[in-house]
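Biologist: Could you take a close look at one part of this model for me, the helix that is mostly covered, and then connect it with the metal site and the sheets? I would like one continuous account that I can follow with the structure open.

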Amino acid sequence: MLGNFRKLFERAVVGDSVPSLIKWGKTLPRSAVRRLQQDAFRETVRYAAKHQTFFKTKLKEHGLDASIIRNPEDLGELFTTPDDLIGRPAEDFLCRSPQLVFETTGTSGPPKRVYFTYDEIEQSARHEAAGLWENGVRPGDRVVCAFDAGYWVSSWVTFFACQHLGVFCSAAGKPHPRELYARMGAYQYNVIIADPTWLVSLTEIAGKEGIFPVKLIVAAGDRMTDPYRKYVQGVWNAPVILGYGSTEAGGGLGMECRMGRGYHVDEFNFLLEIVEPDRDGYGELVITTLTRRTEPLIRYRARDITRLLDSRCPCGIGLRRLDAIRGRRDEMVVMGAGNMHPAIFERVLQDIPGIGDLWQVAVRQEGLRDVLEFRLELTNGIDPGRVEENVARNIQSRYPEVWANQACGMYRLAFQFLPEGTLARGRKPKRLVDERTT
Ligand SMILES: [Zn+2]
């Protein structure tokens, strides 16, 4: 029986066309996917135990024997962390000779690097192609991808994805939005793929100078808030679909479908876990690569806080979905109100009139009690009392469990109102800070 599963798996992962890859995702029973993953997990663990210095050392440190590992939990506290990737030489992770490298951009400190072979990047491209196909991209469409090109190679993954679909594609690097806008008509792009902040800039130009017919916009690379998404959708009159990916994933890990209810995960190539989940299932995302052999990552702590959605999506795809990313683990603050993430306050403060775009929420201590302090800039001379009422009302309606903890006296709400422009001084303020001393 396992042999048959294996064949199915191989076909789904390497052999079939993009539409049939989606068919696998829609028809393969959950139990079969789980079994395929378990099988691939065991194989990856045995492979890495033999070929990866880092994993070999870790197994020894934890007193574990690879031959008896069946599930991620069997590895106990053995994880791979971003610090491991940054702090150790690449050779410690490489299991065979690589053909390309993916490097993180835009973060402070040394970059993270992950190595691949062409066929591994090809897997990532196939998954992206499946996501684009599911969202309606077809031969005849014209795609422009404005992901930054360089050591961050996601623009090339998109280029290969378009090659799979047989659609016209410009992997244009990250030109000035105006440069791209000037070419929209000439190249008749009707699908735009870019990072959210760049998209907003392009959309501002289009809002003033006119739009071109666009059928789909895909945003990935950093977080896109609901107001930005609505704004971009409104101007272009086209759906904005979000993708989630990383250097470690070699591009995309998942993409939304038109339902917009979480990212459809590439479960053929990745096994996901959520560690230290809270009551609602939110915890840190942990990724194991199932098919990569150049630099497999076993139980890699992605630092992003999210949860897995197990129910079948209304679009029919039965693979698990990742819910929206709530924030980074290093931004999370555990306090009387619960596990707090900046995204919670983003949603609480959304559409409250009379406050500025920049804000900060601080967790302070007052005797034995936590205080959740909103630091807001007031605009248009609004009455601070009204703002306080609106914040409380939004917490109550959008996060009843957070509100309930306040009613139980586990923390108190406080407000600090600042003159406009205060928070913009100096560096951009952290959205959530823990100022408790102990
Ligand atoms: Zn779906």
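Modeller: A residue is called buried here when its relative accessible area is under 20%, with only the protein chains taken into account. The model is a predicted one, and helix α6 is a good place to apply that cut-off.

Helix α6 covers residues 118-134, and its 17 residues reach 24 Å from the first C-alpha to the last, close to the 24 Å expected at 1.5 Å a residue. Twelve of these 17 residues are buried, so the helix is mostly covered. The buried positions in α6 are Glu120, Ile121, Gln123, Ser124, Ala125, Arg126, His127, Glu128, Ala129, Ala130, Gly131 and Leu132. After α6 comes glycine 136, which has a positive phi, near 100°.

Burial also matters for reading the metal site, where cysteine 257 and cysteine 313 are both buried. The zinc ion has Cys257 (SG), His264 (NE2), Cys313 (SG) and Cys315 (SG) as its protein donors, at 2.1 to 2.3 Å. The angles between the four donor atoms run from 106 to 114°, which makes the arrangement around the zinc ion tetrahedral. Because cysteine 257 sits in the loop between β8 (251-255) and β9 (263-265), while cysteine 313 sits in the loop between β13 (308-309) and β14 (321-322), the pair ties together parts that are 56 residues apart in sequence.

The strands flanking those loops belong to an open sheet of nine strands with mixed pairing, ordered β4-β3-β5-β6-β7-β8-β9-β14-β13. Its edges are β4 (168-171) and β13, each with a single partner strand, so each has one side left without a neighbour in the sheet. Strands β13 and β14 run antiparallel and are joined by two bridges, and leucine 308 has leucine 322 in β14 as its bridge partner. Helix α10 (residues 226-236) packs on this sheet, where it touches β5, β6 and β7 (240-246), and its direction makes about 135° with that of β7.

There is also an open sheet of four strands, again with mixed pairing, in the order β20-β19-β18-β21. Neighbouring strands in this sheet are turned against each other by 20° on average, direction ignored. Within this sheet, β18 (residues 355-366) and β19 (residues 369-378) run antiparallel and are joined by nine bridges, with arginine 369 in β19 as the bridge partner of glutamate 366. Helix α11 (residues 342-349) lies across β18, β19 and β21, and runs at about 125° to β18.

Note on methods
Residues numbered from 1 in each chain as written. Predicted model: local features only at pLDDT ≥ 70, side-chain atom pairs only at ≥ 80, totals over all residues. Heavy atoms only, no water. Donors = N, O, S within 2.8 Å, 3.2 Å for Na, K, Ca; no water. Tetrahedral: all angles 85-135°; square planar, octahedral: opposite > 155°, others 65-115°. Buried < 20%, exposed > 50% of the residue type's maximum accessible area, 1.4 Å probe, protein only. Expected span 1.5 Å × (residues − 1). Pairing = 2+ DSSP bridges. Contact = heavy atoms within 4.5 Å. Axes fitted to C-alpha atoms, helices over the stretch in contact; angles between N-to-C directions.
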